Amino acid sequence: MGNNNNNTEGFFSRLKQGLSKTRKGFVKNVDEMIFGEKVVSRNLFEDLEEVLIMADLGPAFTYDLIEEMKYRAKRKELESPEALKQILKEYIITILEKSEQPLEIPRDGIFTIMVLGVNGTGKTTTIGKMAHQYIRNGIPTMLVAADTFRAAAIEQLEIWSKRVNAPLIKQKMGADPSAVVFDALHAATSRKSNAMIIDTAGRLHTKVNLMEELKKIKRIMGRELEGAPHETLLVVDATTGQNALSQAKMFHEEIGITGLVLTKLDGTAKGGIVIRIAKEMNIPIRYIGIGEGLDDLRVFKSEDYVNALFD
Amino acid sequence: MFENLTEKLDSVFKKLKGKGTLDEESVREALKDIRMALLEADVNFKITKSFIEDVRERAVGREVLESITPGQQVVKIVHDRLIELMGGDSSHLRLANRFPAPIMLVGLQGCGKTTSAVKIARHLMNQKRSVSLVSADVYRPAAIEQLKILGETIGAGFFDSTMINDPVRICVDALSDAKERGYDTLIIDTAGRLHIDTELMNELKKIKDIINPAEILFVADAMTGQDAVSTAETFNDLLDIDGVMLTKMDGDARGGAALSIKAVTGKPIKFVGIGEKIDAFEIFHPDRMASRILGHGDVLTLVEKAQMAFDEKAARELEKKIRKDSFTLEDFRTQLLQIRKMGSLEDLMGMIPGMGKIKAMKNVTPDEKEFVKIIAIIDSMTKKERINYRIINGQRRKRIARGSGTTVQDVNRLLKNYIEMRKMMKKLTRGGAKYLKRSNFPFK
């Protein structure tokens with residue numbers, strides 16, 4: 001674990017602190033840059049464009065947002081930069097609000113969660129943190145090592161399983177991931193697990209064969225347990241640019257995504273692409289990852305996110 | 001790799017080429033589109049801005065306006081500038097005069113350092129160097145184990161750091177171990193860290209100061225967004241990196257981060273990672289990459305890659321056949337056997353000009369297990385059938401299925417895939433590839 005283990009600070013300050021670190025870097029402070037001006041001017045919109053694009057909202061989406069703000073400014077709804085800031089915040093919150101649907105785990109039966117994503121987004125770490133949270137809330141949770149491809153992926157999950165005290169179902173490296181999941185579903189019934197989190201190998205969304213493998217896992221789950229997987233979580237790295245939209249679209253098209261996790265928000269990247277994903281795809285954002293510590297996983301709250309983005 | 005950006009620019013240039021003359025207005029229009037394409041590709045906002053300004057200055061000149069093909073000239077200006085931004089000549093590792101020569105890999109979490117370490121090790125071992133690996137990642141669970149397993153697959157040396165808690169100490173010990181055991185290169189895989197994590201960044205600085213690496217490579221994910229600049233800048237400011245390895249280039253990321261990182265650090269991109277397999281590794285060629293961005297394809301890389309796996313002649317024939325549309329089932333079979341050595345069909349097709357990621361490829365790229373089946377089916381065909389698939393009627397299909405121990409459905413599917421592939425190749429050679437690509441373009 002890194003040195004980021006001071007979990008004593010509250011969520012607001014941690015998230016804000018994480019998002020605001022940007023200011024020390026390449027991106028200018030939104031307030032200082034835009035809202036420092038006294039009147040709504042043409043320059044202001046240009047600066048706004050820079051801020052939004054630098055937050056990875058993407059040029060097309062940024063253009064739409066600015067047009068909307070210009071329209072409102074013309075209608076004199078916005079007399080000061082402060083008013084514009086407020087309206088813009090509310091506008092983005094409206095988009096994100098629909099995605100504000102925390103994951104609820106029913107206390108009866110087995111609730112299966114399949115976790116997917118491209119390589120290196122933080123799937124295994126997220127799973128460790130999820131399991132920690134569930135177990136703390138009295139939900140018996142089992143982990144399933146279905147990443148049988150990457151070297152030491154099983155060992156990595158195993159260490160997490162010990163750390164959070166969750167049983168782990170695994171086979172050898174190179175085993176058929178579907179077979180691991182099959183085993184797990186049968187074990188879960190006898191072990192009275194409530195939540196089951198399945199770690200899959202990272203894969204680029206453009207790899208046809210690897211997507212077929214995921215489909216197979218999903219198919220077998222559905223066959224062995226009605227309604228499984230109950231949640232299919234896509235883990236997206238906040239550092240990712242516009243490609244995250246392509247990831248979300250293709251994983252959704254191929255596998256069917258029911259929730260998103262946005263990780264690595266403790267860096268300087270703001271993960272603005274998630275706003276575009278929320279707008280275009282209407283997928284719930286279940287969690288955000290804000291560090292490497294056990295407790296650094298939070299339920300997504302649009303208002304907090306947008307405030308952290310602008311304040 | 002840069003397919004989507006390529007597409008965008010492609011359509012922009014098509015517009016330009018369609019015009020007889022090029023006035024200031026049309027340059028402005030084109031640059032507006034290019035600007036959007038670059039931003040959509042995650043090229044940094046400020047770098048995009050200066051790029052556009054620069055091209056505008058070069059483009060709206062008399063020379064361009066008076067030339068016969070002004071559109072082509074703008075293409076050339078954009079192309080040249082892209083090459084410039086991405087680094088001029090390709091750079092290699094400078095490992096001379098050090099024994100052993102330490103190479104240190106640094107970067108954010110999940111950018112692919114460990115896989116890259118092993119890829120670089122293999123690359124150097126192919127050049128007759130003896131390489132030892134060490135992991136200074138004492139934080140991520142099983143990180144050391146991961147490097148160990150991967151290192152074993154290529155037969156590299158490995159310094160086991162499991163019992164040492166201090167990353168600096170690990171590096172010192174690993175270096176003297178490598179010297180003792182006669183390795184000429186030591187690759188140090190460090191833990192992923194945030195560039196704003198002062199404590200962990202200082203750790204890297206300490207390692208650098210004590211080890212004095214021959215090369216420090218910053219490993220960056222090709223999918224990175226606008227933040228690529230601030231990350232790369234911070235790492236470079238602290239460590240004065242020697243170069244960049246760009247990973248995950250086999251996806252559909254438009255890879256604007258490559259342009260950004262080079263522009264902001266001034267350090268060359270040396271290598272690119274194009275897949276999870278250890279040999280999915282290439283030297284970075286800015287000139288080719290620029291061509292690729294502009295839609296000229298990367299035939300050179302295709303040929304070079306092919307040479308490594310099978311002989312030059314076969315490569316040329318394959319290309320000729322793809323272009324001539326005389327691609328028989330026999331060729332299909334030969335090619336399938338070569339794919340194992342060369343990487344996936346998708347990768348291969350991506351390198352042919354005009355062919356980006358094509359949705360239809362999905363059905364013609366078999367998985368490892370299907371290879372065997374497909375080869376068996378083709379082997380059960382007569383010579384005539386292999387040359388002319390059209391004669392394969394129901395009776396013949398039944399016979400082929402029986403002969404290969406498969407079902408008629410399997411035979412049907414194979415033929416369908418093969419026909420689809422032929423169709424695509426035909427479209428490619430007749431310039432219809434653009435249509436195919438666009439139909440799958442998610443950002444239109």
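These legends go with four close-up views of a predicted model.

**View 1. Strand E1 of chain A and its covered faces.** Let us begin inside chain A, with the strand made of residues 111-116. How many of the 6 residues of E1(A) are buried? The count is 6 of 6, so to speak of this strand as mostly covered is fair, given that a residue is called buried when its relative accessible area is under 20%. The two faces can be followed one at a time: A:Phe111, A:Ile113 and A:Val115 lie on one side, while A:Thr112, A:Met114 and A:Leu116 lie on the other. Both of these faces are covered.

**View 2. The strands that pair with E1(A).** Stay with E1(A) and look at its partners. Strand E4 of chain A (residues 195-200) runs parallel to E1(A), and 5 bridges join the two. Within this pairing, you can find A:Met114 opposite A:Ile198. Strand E5 of chain A (residues 231-237) is also paired with E1(A) in the parallel sense, over 4 bridges. Here, A:Leu116 stands opposite A:Leu234.

**View 3. A buried serine in chain B.** Now move to chain B, where B:Ser135 belongs to strand E2 (residues 131-135). Is B:Ser135 buried or exposed? B:Ser135 is buried, because its relative accessible area is 0%. Which residues is B:Ser135 in contact with, leaving aside its neighbours within four places in sequence? They are B:Ala143, B:Ile144, B:Leu147, B:Ser161, B:Ile170 and B:Asp189. Look also for B:Asp137: its backbone nitrogen lies 3.2 Å from a polar atom of the B:Ser135 side chain.

**View 4. Where chain A meets chain B.** This last view brings the two chains together. On the chain A side, 54 residues are in contact with 49 residues of chain B. The size of an interface is often given as the accessible area lost when the parts come together. For chain A and chain B, the buried area is about 4,600 Å², with 57% of it on carbon and sulfur atoms. Between the chains there are 16 residue pairs in polar contact, both residues being at pLDDT 80 or more. The elements giving two or more residues to the chain A side include helix H3 (42-54), helix H9 (208-224) and helix H10 (243-254). H10(A) gives the most, with 8 residues. Sorted by class, this side of chain A has 19 nonpolar, 19 polar and 16 charged residues. The two chains also share 4 salt bridges. One to look for joins B:Asp250 to A:Lys207, with the closest N and O atoms 2.9 Å apart.

Note on methods: Residues numbered from 1 in each chain as written. Chains lettered and ligands numbered in written order. Predicted model: local features only at pLDDT ≥ 70, side-chain atom pairs only at ≥ 80, totals over all residues. Heavy atoms only, no water. Buried < 20%, exposed > 50% of the residue type's maximum accessible area, 1.4 Å probe, protein only. Polar contact = N/O pair within 3.5 Å; in protein donor to acceptor, adjacent residues only side chain to side chain. Contact = heavy atoms within 4.5 Å. Buried area = accessible area lost by both parts, 1.4 Å probe. Salt bridge = Lys/Arg side-chain N within 4 Å of Asp/Glu carboxyl O. Nonpolar A, V, L, I, M, F, W, Y, C, P; charged D, E, K, R; others polar. Pairing = 2+ DSSP bridges.
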